[in-house]
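Let's take a walk through a protein model together. Have the sequence and the 3D view ready, and follow along at your own pace.

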Amino acid sequence: MLSMSNVSPSPGTPMAASPLTRACLEIDEYAAGLGWDQPARLFALVDTARLRRQEPRLAGQLGVDTDDAGRSSLTPIEQDELPAGTPLDKFLGTVAWPDAVVGCALTVERLMLPPSAEASVPEGLSDKQLAKWVAGHPERQEVRLTVAVLRDGSRESAVRLREKDSPTEVLTGAGLVPGLAEALAATFS
């Protein structure tokens with residue numbers, strides 16, 4: 001059975017935000033509560049009302065068995081741990097979702113360089129060499145990326161810098177992490 005996690009809405013989550021934005025921010029807040037230096041985490045997104053109607057016991061286990069107006073209309077369900085040592089792109093290529101899953105999300109930590117530093121990246125580096133070069137760069141930033149997609153093509157991302165680790169400092173937008181969003185969307189193909 002899949003390991004499951006109830007992700008409660010954050011008090012700072014904007015109520016006017018779309019359900020996908022709220023779910024993305026809820027997952028970001030959940031990941032923040034676990035601290036940094038965590039493995040990537042994959043979530044199925046299911047329609048909360050449908051879950052309560054079709055799977056009342058599971059909804060009860062997840063804490064969504066009552067109608068809560070403050071809760072997102074999407075419920076994230078954490079999946080089993082990603083296999084250690086498997087590159088993320090290869091793992092995502094093996095994922096397929098049942099029809100009840102309306103979307104998915106992934107949270108992962110990465111090192112990022114500001115655009116000003118990207119011009120100085122040496123050419124011809126392997127992925128391993130590039131990762132080592134970025135890890136040693138003085139302008140690198142540690143970030144947590146949370147990316148969510150729906151079957152209908154909707155996308156949302158939340159980016160949190162380790163040095164500004166606060167719910168009020170989370171950057172959101174549909175196009176912030178396009179490569180990862182594409183990879184997640186492909187899990188529905």
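What follows is a short tour of ring pairs, a charge over a ring, a loop residue and a pocket.

Please keep in mind as you look around that this is a predicted model. A good place to begin is with the aromatic rings. A pair of aromatic rings is described by the distance of the centres and the angle of the planes. The structure holds 2 aromatic pairs, and we can visit each in turn.

One of them joins Tyr-30 and Phe-43, whose ring centres lie 6.0 Å apart with 90° between the planes. Planes over 60 degrees apart count as edge-to-face, so that is the label this pair receives. Where do the two partners sit? Tyr-30 belongs to helix 1 (residues 19–34) and Phe-43 to strand 1 (residues 41–47), so their pairing ties together parts that are 13 residues apart in sequence. Phe-43 has a relative accessible area of 0%, which means that it is buried.

Now move on to Trp-97 and Phe-188. Here the arrangement is stacked, with 6.2 Å from centre to centre and 25° between the planes. This pair links distant parts of the chain, 91 residues apart. Trp-97 is found in the loop between helix 4 (88–92) and strand 3 (101–112), while Phe-188 is in the segment after helix 7 (178–185). Are these two residues buried or exposed? Both Trp-97 and Phe-188 are buried.

Another ring to look at is that of Trp-36. The charged end of Arg-144 sits over this ring, 4.1 Å from its centre.

Next, find Gln-38 in the loop between helix 1 and strand 1. With a relative accessible area of 27%, Gln-38 is partly exposed. Its side chain reaches the backbone oxygen of Leu-34 at 3.3 Å. Gln-38 also has a partner in space from elsewhere in the chain: Val-108 is 70 residues away in sequence, yet the two C-alpha atoms are 7.9 Å apart.

Finally, turn to the largest pocket, which has a volume of about 1,100 Å³. Its lining is made up of 33 residues, and those nearest the centre are Glu-109, Arg-110, Leu-111, Met-112 and Leu-145. Several elements each supply at least two lining residues, among them strand 3, helix 6 (127–136), strand 4 (141–150) and strand 5 (155–161). What is the lining like by class? It has 24 nonpolar, 8 charged and 1 polar residues.

Methods: Residues numbered from 1 in each chain as written. Predicted model: local features only at pLDDT ≥ 70, side-chain atom pairs only at ≥ 80, totals over all residues. Heavy atoms only, no water. Phe/Tyr/Trp six-rings, centres within 6.5 Å; stacked < 30°, edge-to-face > 60°. Helix = DSSP H or I, 4+ residues; strand = E, 2+ residues; numbered from the N terminus. Buried < 20%, exposed > 50% of the residue type's maximum accessible area, 1.4 Å probe, protein only. Lys NZ or Arg CZ within 6 Å of the ring centre and 35° of its normal. 1 Å grid on protein atoms, 1.4 Å probe; cavity = no way out; pocket = protein on both sides within 12 Å on 5 of 7 lines; lining within 4 Å. Points joined across faces, edges and corners; volume = space filled by probe spheres on them. Nonpolar A, V, L, I, M, F, W, Y, C, P; charged D, E, K, R; others polar. Polar contact = N/O pair within 3.5 Å; in protein donor to acceptor, adjacent residues only side chain to side chain.
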